[in-house]
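Visitor: Please take me through one strand pairing in this structure closely, residue by residue where that is possible. After that, set it against the rest of the chain.

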Amino acid sequence: MPESSCVVQPQPFTIGIDTGGTFTDALIYCPATDTIVNKVKVPTNHGQLDTSIHAALGQLLIDGNILASDIACVSVSTTLATNALVEGAGRPAALVAIGLGDTVMDRGALPGLLERNPHVRLQGGHSSHGDELDPLDTSPLTSFLSEVDQSVEGFAIVGAFSVRNPSHELEVANLIRRFTKMPVTLSCDLSAQLNAPKRAVTALLNARLVPLITGLLEGVKRSAEQYGISAPLMIMRGDGSLVSSDFVATKPIETILSGPAASAVGAAALSSLHDGLVVDIGGTTTDVAVIARGKPVAAQAGAVVGGYETMVNAIRVHTEGIGGDSYVAPQPLSRSGFMVGPQRATPLVVLAAAWPNLTDLLKNQHLRDKPKIGDGQFLYLRQGRPSLEPASTAEEKILSALVASEAPVEYSNLIETSIERTAAKRLVSQELIDISSFTPTDALHLLGLDQRFASEPAQLGAALLARQLDHVGLPLAKDARDFATKAITRTVNRIAHTVLYAAADNDGFKNEALTTILDAIEELTVSGRAGNLLDLHVAPSANIAVVGAPALILHKELDEILKTSCDIPDTYEVANAFGAAVGRVTVSSEIVVSAPSRGKYLVHDATPKIFYDLEAAKSFAERQAVTTLGRDITQAGAVDFEISSEWDVQNVWLDGRSFFVEAVLRSVASGSPF
């Protein structure tokens, strides 16, 4: 991809922005000349996203010598939703379930999610053909809303077969909005699939993400307005499509895997990758996507992130909680001795740059006769944190101490019990406080591979961890440098294994079988016996493009483990922002035609409609799809668009005759945002 530092063209420009867990990346792209005019990276300020976005836009326009009036579109991708699910974060929300029995409520990931989020069950629901099974009873809802009104920031609603008849979900949503004025997520708005537990999980996760994505979009809008940019604001969804910010505001879960999708789109374009794998190494996660015929492969069953199976249309990506800023902490009872990720932490070198006294605190910890589990870890208040009340005495103690200190506090001095450790984890997940610890970023600074910050805090943090004891009472490493090397090795191994699992999944190879092979390889490596007759390794056969800020530093180690040569494309460090800049607006729809009885056909649209002729039913569905998609893609921000459709008709043979069962019309509209 050619670059020019100060090129001013009469053609319109697009701005691509990716707000990640660690950095906010941005660039200006000229579609007419296929050139990147300017690119920047600034640290992401989680508590005040405005400052990161404002800084990125300012550098882009000033250094790129571009006028705000020349910007035709601002496109955003983000890993905020993905990271929130991986780290168990998000805002508190409640679920209202209509007509769902015990067997439904106890399936999948729903029970675990409901342990941490309040819920109420109402009588009601419909049949698979949209007929009301039980009248809706909202009497338990009023008292429930009064109980949770001060403890949640949104609501999710799921009804039995609501995708075939949404009337009960709509009635409950109107009641909640009148009572609370809070955002409400309807499961029928997110998916047309029938799996109620999966729809419930998707809706509840969406409700937890609304404040996060709303805050991001509002920050981008304010920053753009301050620089005089009046161009449309778009955001990339997890399937690699762009939609307007207003279109996605109530469905932020569609932005899970937004960042990985943008990286896959951008990396494939930058490296001219037609078929292969894209590996995006970020600060919080590593994402691996499969590219086929130049485009990311879609996940047929819906996106799976953070262990949650959702009904969100997204690319087929393997996300692992490992990256440059992964939390490194001792695990004295485990064989490995320490863990890397999945939680994100502020690197010691970064926090010490803002709070120089941190280095002295680390030095004092070295003077202790015996190591403490919390050595080299610090807690501090997050800027711009939400105004939530502590949920326990332990949380109140932690918050009070941090408010009184204002500066970071040593973890080992503040957290003394398992209850307090649990409280600290919850406060981090609720974005009230942050944790700082040794990370792979610190390891890279200690080893001289990254020189953005002073390395002394990393040296001290690694030395503190090196003297921690493993499960047999031996130190984790012989010195700080040895521990840093081990941390990087562990990190790159996790990244490599994610690549292998993604390739195996694409090939239909079972995870369990691959795990057995990888465990055997590790056993042979650890044994290190001279004269071994067996050389066992697994390597991908596909071309691999690696992007993300650590790509250039870590790719040699990755090449060695994967037994291949990875491609590092130009502009690798902001491939996600490039993907956002070159995306297209796309929306899709599904309309089902069922046969509740012989000769009777039911079109399941917003309002189910009955026909007695199949072709008439299909024609009506096609007209509805064109009308609906035309409206939706215009609202999604497309200027010009095309619509394509295809039918999936299911018949069964009985006694030598074909009988109609169901037909699904899948339609897609695609266009340009300017």
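Guide: Strand β4 (residues 71-78) runs parallel to β9, and three bridges join the two. This is a predicted model, and the pairing is read from it. Within the pairing, V76 of β4 stands opposite I235 in β9.

Strand β9 spans residues 233-236. Its side chains alternate: L233 and I235 point one way, M234 and M236 the other way, and all of them are buried. Strand β9 also has a pairing with strand β10 (residues 242-244), again over three bridges, but here the sense is antiparallel. In that pairing, M234 stands opposite S244 of β10. The connection between β9 and β10 is a hairpin with five residues between the strands. G240, in the turn, has a positive phi of about 90 degrees. As a general point, strands of a sheet pair through backbone hydrogen bonds, in either the parallel or the antiparallel sense.

Back in β4, one residue deserves a separate look: T78, which is found in that strand. T78 counts as buried because its relative accessible area is 0%, against a cut-off of under 20%. Its side chain reaches the backbone oxygen of T19 at 2.9 Å. Leaving aside residues up to four places away in sequence, T78 touches D18, T19, I213, L216, I235, T255, S258 and G259. I235 of β9 is thus in contact with T78, while V76 is the residue standing opposite I235.

The next step is the nonpolar core. In soluble globular proteins, nonpolar side chains tend to be buried together. Here the largest nonpolar core has 156 residues, and those with the most contacts inside it are I15, I71, I229, F438, F483 and V546. I15 touches L27, I28, L57, L60, I71, C73, V74, S75 and I229, again not counting residues up to four places away in sequence. Apart from this core lies another, of 21 residues, including V96, L122, V148 and L186.

Further along the chain there is an open sheet of four strands, in the order β19-β22-β20-β21, with mixed pairing. β19 (346-347) and β21 (409-410) stand at its edges with a single partner strand each, so one side of each has no neighbour in the sheet. β19 pairs with β22 in the parallel sense over two bridges, and P347 has S437 of β22 as its bridge partner.

Helix α15 (residues 418-429) packs with its buried residues against β18 (338-344), β20 (378-381), α13 (393-405), α14 (411-414) and β22 (433-437). Those buried residues are E420, A423, A424, L427, V428 and S429. The twelve residues of α15 reach 17 Å from first C-alpha to last, close to the 16 Å expected at 1.5 Å a residue. Just after α15, E431 takes a positive phi of about 65 degrees.

Helix α21 (residues 575-582) is mostly covered, with seven of its eight residues buried. The buried ones are A575, N576, A577, F578, G579, A580 and A581.

Finally, confidence. The protein chain has a mean pLDDT of 87, and 95% of its residues reach 70 or more. Over residues 1-9, however, the pLDDT is below 50; beyond near neighbours in sequence, this stretch has 26 contacts in the model.

How values were computed:
Residues numbered from 1 in each chain as written. Predicted model: local features only at pLDDT ≥ 70, side-chain atom pairs only at ≥ 80, totals over all residues. Heavy atoms only, no water. Buried < 20%, exposed > 50% of the residue type's maximum accessible area, 1.4 Å probe, protein only. Pairing = 2+ DSSP bridges. Expected span 1.5 Å × (residues − 1). Contact = heavy atoms within 4.5 Å. Core = buried A, V, L, I, M, F, W, Y, C linked by side-chain atoms within 4.5 Å. Polar contact = N/O pair within 3.5 Å; in protein donor to acceptor, adjacent residues only side chain to side chain. pLDDT = per-residue confidence, 0-100.
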